[in-house]
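Before reading a model, it helps to know what to ask of it. The dialogue below takes the features in turn.

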Amino acid sequence: MSAPVVVTTRAELAAALAPARRAGHRVGFVPTMGALHDGHAALLREARSLVGDGAVVASIFVNPTQFGEAADLEQYPRTLEADVKVCEREGVDVVFAPDVAEMYPHGTGDDDAVMVRPGPLAKVLEGRSRKGHYRGVLTVVAKLFGLVRPDVAVFGQKDYQQLVMIRRMVEDLCMGVDVVGAETVREPDGLALSSRNVHLDEDQRRQATALSRTLYAAVENAVYGLGPALDEARAVLRESDGVDLDYLEVTTPDLDPLPDDPAPGTEARILIAARVGTTRLIDNLPLTIGRID
């Protein structure tokens, strides 16, 4: 594999993609904030599979407008050299690693820049405790889509609310990008891969598996109905130590509320967020409620 071209400005990005565009090749895109792990590598492989001989672009940008606490922004790991090596291994053609001024030339404050209004989905689940987060996420994704102009963009299903909201933005703002959700990559014990896992010590790492065990308990018992699924999930949480639950909710795949008595065969999504120590973790899985005879 040849090393990807690393660019930091809009002009360099356009020049790096010009040959692929002239040849009529498709462009695949994976936006990241760096600290790449095997989950990100899977997204890069998915992008490659979708565009074939086309160009794959990965962005590495720690986006300040999606962080609520300045300390969280400062503590976010920045590992560009290692990230480029991951991109090289996965056959990425272009790594776009801009600085804040390149992405936000008019500043990042409320009164400085044009921002995307995320709509009502930004007020539920993650949005309840992370005010302004999805405004920042959608704004930077919209900017990146405008710069990269991808045919297809790949996001992980682990950040499921983010995936749903990006799809809604692309539809509502007529962006013409095919947004693909890749399955969550997990450790052998079920823990979803996340850049935040590095903050867990050995005991917390063990405790964190409660999130996936809770979800799988719900999935396995959803055949008996929504109530039994949630009862079994909560039973797992009651038996788990060190987990400070934020939410455990079942919604439609579009994150709308479910009816009180879902019909057998109803497709749904179960989502969980909790703190283990000082680290906030999220996870989710699809499930089918009720048996179809």
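## Reading the model

A: Start with one residue: at 12% relative accessibility, Q66 counts as buried, because buried means under 20% relative accessible area. Keep in mind that this is a predicted model.

Q: Where is Q66 found?

A: To place a residue, look for the elements on either side of it. Q66 is in the loop between β3 (55-60) and α3 (70-75).

Q: Which residues does Q66 touch, not counting residues up to four places away in sequence?

A: Sequence neighbours are set aside here, and what remains is a list of partners. For Q66 these are M33, H133, G136, V137 and V140.

Q: Which feature does UniProt place at Q66?

A: An annotation comes from a record, not from the coordinates. In an unreviewed entry, UniProt gives Q66 the feature "binding site". That annotation covers Q66 and Q162. The two are spread over 97 residues of sequence, yet they cluster in space, with a largest C-alpha distance of 11.6 Å.

Q: How many helices and strands does the protein have?

A: Counting the elements gives a first outline of the fold. This protein has 10 helices and 9 strands.

Q: What does the radius of gyration say about the protein?

A: The value is read against what a compact globule with that number of residues would have. For 293 residues that would be near 19 Å, and the protein has 20 Å, so the two agree. The C-alpha trace spans about 55 × 45 × 40 Å along its principal axes.

Q: How much of the protein counts as buried?

A: Burial can be taken over the whole protein as well as residue by residue. Here 52% of the 293 residues count as buried. The accessible surface comes to about 14300 Å², and carbon and sulfur atoms hold 49% of that surface.

Q: What share of the contacts in the protein with a separation of 6 or more joins residues 24 or more positions apart?

A: Such a share shows how contacts are distributed along the sequence. In this protein the share is 72%.

Q: How many positive and negative side chains are there, and how far apart do the centres of the two sets lie?

A: Count each set, then compare where the sets are centred. The protein has 31 positive and 44 negative side chains, and their centres lie 3 Å apart.

Q: Where is T139 found, and is T139 buried or exposed?

A: Combine the element, the accessibility and the partners. T139 is part of helix α7 (residues 133-148). Its relative accessibility is 2%, so T139 counts as buried. Beyond its neighbours within four places in sequence, T139 is in contact with Y104, V114, M115 and V116.

Q: Where is T279 found, and which residues is T279 in contact with?

A: The approach carries over to a strand. T279 belongs to strand β9 (residues 279-289). At 5% relative accessibility T279 is buried. Leaving aside neighbours within four places in sequence, its contacts are R196, H199, L200 and A274.

Q: What is phi of L125, and what is phi of C174?

A: Look at the sign of the angle and at the kind of residue. Phi of L125 is near 50 degrees, a positive value in a residue other than glycine. Phi of C174 is near 55 degrees, again positive in a residue other than glycine.

Q: Where does L125 lie, and where is C174?

A: Each is in a loop. L125 lies between α5 (100-103) and α6 (126-129), while C174 is between α8 (160-172) and β6 (178-182). L125 is buried, with a relative accessible area of 2%, whereas C174 is exposed at 66% relative accessibility.

Definitions and conventions. Residues numbered from 1 in each chain as written. Predicted model: local features only at pLDDT ≥ 70, side-chain atom pairs only at ≥ 80, totals over all residues. Heavy atoms only, no water. Helix = DSSP H or I, 4+ residues; strand = E, 2+ residues; numbered from the N terminus. Buried < 20%, exposed > 50% of the residue type's maximum accessible area, 1.4 Å probe, protein only. Contact = heavy atoms within 4.5 Å. Rg over C-alpha atoms; globule rule 2.2 N^0.38 Å. Areas by Shrake-Rupley, 256 points an atom, 1.4 Å probe, with all protein chains shown as cover. Lys, Arg positive; Asp, Glu negative; His and termini not counted. Charge placed at Lys NZ, Arg CZ, Asp CG, Glu CD. UniProt positions renumbered as here; feature names shortened; annotations may be inferred.
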